[in-house]
Amino acid sequence: MNAKKEPKSFGEVFAALADMHRSEGTVGFVKQCLTLGKVPTPAGRWWLGSLLVTAAMLLFIFYQLIFVGHASFNTSSDGVNWGMAISTYVYFALISSGLTMIASLGTVFGFKQFLPIAKRCIFLAIITLVAAFSVLALELGHPFRMLWAVPTGLQVMSPMFWMGVFYTIDLVLLFIKFYLLWQDDWDSGFSHLIGSLGFVAVILASGMLGMLFGSLAFRPMWFGSFTSIYYMLTAALCGAAAIVVTTYMAYGFNRDAMPESLRSLASGAELPKVFATLIGITLVMFLSRFWIGLWSNLDGMQGFRMLVKTPLFHIELWLGLVLPFLMMMSSSMQTRMKPQIIAAFLVLGAMFVNRYEFIISGQMIPMFKGTWTNSLVGYFPSATEWALSIMGFSITLALYALGEKLFVLSAAPAPEAQANGARVAHG
């Protein structure tokens, strides 16, 4: 049983807010909105802290964009045109995709043991995609031009066009699916249809994001069909890591505070095995990409030799992938809370580095370099780009705290409802 009563309509939410305003007055109402209630909670502290960080970052970013312009980004015609802001967008967009994939284990493919994390996965997929779009919109310079340029231009041969289309469809379907789960609709035909369409949309969206880079033949470190597969599979890894971290966060990193169904999943071997499998697949793809890149004599692949000499590469590989893989493969560690949390945090950190290295290193080899330079293009993120990345994290944390307060994100169908759903599914 969940102790918290969850509102089941927006009318109930607004009615509760109105009652609180009448009983507490304007000052008390604002105070409770800033702290998410009278009683201090972890979610309330995340919410207030994240709001302050988001506001500070936005003020700094808007100041830079208004008074300095796009020159506040450390990108220029020298070669690195897509900087840290783009890698942050890719990071959050693929986390969103991965969370939808993890949710689909229970809602689409019938693995009922994963249903206790499905609602949280869907909510997190929504807010990480919102964070991704927020970072991208501020990096674009004129995001509102998309309102008329995309529908009137219809660049149907461009992967960027289809990436935008599929991620927009994905976001709409995520909202619908979350609303259905909010209304405890787990097993209707419509709910299953939305879940299936959402899974297809997210595969197409993450694959098209990979194709956006993989179709650029003049950037050999990105080029190839491998990029789409790499993005889809590493998205699933990011989703698995994100749900481990956020589930424990919701209960103050205390497994005993979890509902029984969620505690059973957290202490069992199913989710850690999925996590370990995804880390292993990522390791194979990561090392294969670098092995081929180091052996290739194709002009434009020099970035691989540059990357393996950097500390970030070895931190990403050994600390962010190999160590978590060994931890989740160990039968004595994979079901314990602290190793799970440490492994998940390490993977999320490694994937942030990975997105950054992927985006930047692919541009550090100057095109037509023989005519004007023989060296690599230098790049370091500007203060504005760092602010955008921090803003992405703070938006995600703030919205997650709000979601934990408003909704019962660990909700799952009752065992008898799961059994009935299984019987319906199997005729």
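**Figure 1. The whole chain and its accessible surface.** The accessible surface of the protein chain amounts to about 19,800 Å², and carbon and sulfur atoms account for 72% of that area. Please keep in mind as you browse these views that this is a predicted model. The secondary structure consists of 15 helices and zero strands. Along the principal axes, the C-alpha atoms fill a box of roughly 70 × 50 × 40 Å. The radius of gyration is 22 Å, in agreement with the value near 22 Å for a compact globule of 427 residues. Of these 427 residues, 52% count as buried. If we take the contacts between residues at least 6 apart in sequence, 77% of them join residues at least 24 apart.

**Figure 2. Gly320 and its surroundings in helix H12.** Gly320 sits in helix H12, which spans residues 311-329. Is this glycine buried or exposed? With a relative accessible area of 3%, Gly320 is buried, because buried means under 20%. Setting aside neighbours within four places in sequence, you will find Gly320 in contact with Ile315, Leu346, Val347 and Ala350. For a sense of scale, look also for Met221: its C-alpha atom is separated from that of Gly320 by 22 Å, and the two residues are 99 apart along the chain.

**Figure 3. A salt bridge that links distant parts of the chain.** Here the side chains of Arg120 and Glu404 meet in a salt bridge, with 2.8 Å from N to O. The pair links distant parts of the chain, with Arg120 in helix H4 (residues 118-140) and Glu404 in helix H14 (residues 383-406), 284 residues apart. Arg120 is buried, its relative accessible area being 0%. Glu404 is buried as well, at 13%.

**Figure 4. A salt bridge within helix H1.** Now turn to Arg22 and Asp19, whose side chains form a salt bridge at 2.1 Å, N to O. Both residues belong to helix H1 (residues 10-35), where they are three residues apart, about one turn of the helix. How does each partner stand with respect to the surface? Arg22 is exposed at 60% relative accessible area, because the cut-off for exposed is over 50%. Asp19, at 42%, is partly exposed.

**Figure 5. Lys8, Glu6 and a network of salt bridges.** Lys8 forms a salt bridge with Glu6, and the closest N and O atoms are 3.0 Å apart. Lys8 counts as partly exposed, with 25% relative accessibility, whereas Glu6 counts as buried at 8%. Which residues make up the network that includes this pair? Glu6, Lys8, Lys119 and Asp184 are linked in it by salt bridges. In the whole model, the count of salt bridges comes to seven.

**Figure 6. A nonpolar patch on the surface, with Val68 as one of its members.** Phe62, Tyr63, Ile66, Phe67 and Val68 make a nonpolar surface patch of about 570 Å². Where in the chain should you look for Val68? Val68 is found in the loop between helix H2 (42-67) and helix H3 (84-107). Val68 has a relative accessible area of 43% and is therefore partly exposed, between the cut-offs of 20% and 50%.

Technical notes:
Residues are numbered from 1 along each chain as its sequence is written. This is a predicted model: local features need pLDDT of at least 70, side-chain atom pairs count only at pLDDT 80 or more; totals for chains, interfaces and linings use all residues. Side-chain values use heavy atoms; hydrogens and water are left out. Patches are made of residues with over 30% relative accessible area and no salt bridge: like charges are joined within 9 Å, nonpolar side chains (Val, Leu, Ile, Met, Phe, Trp, Tyr) within 5 Å. Accessible areas come from the Shrake-Rupley method with a 1.4 Å probe; for residues, only the protein chains shown count as cover. A salt bridge is a side-chain nitrogen of Lys or Arg within 4 Å of a carboxyl oxygen of Asp or Glu. Helices (H or I, at least four residues) and strands (E, at least two) are DSSP runs, numbered from the N terminus. Buried means under 20% relative accessible area, exposed over 50%, partly exposed in between (1.4 Å probe, protein chains only). The radius of gyration is taken over C-alpha atoms; the globule rule is 2.2 Å times the number of residues to the power 0.38. Contact means heavy atoms within 4.5 Å.
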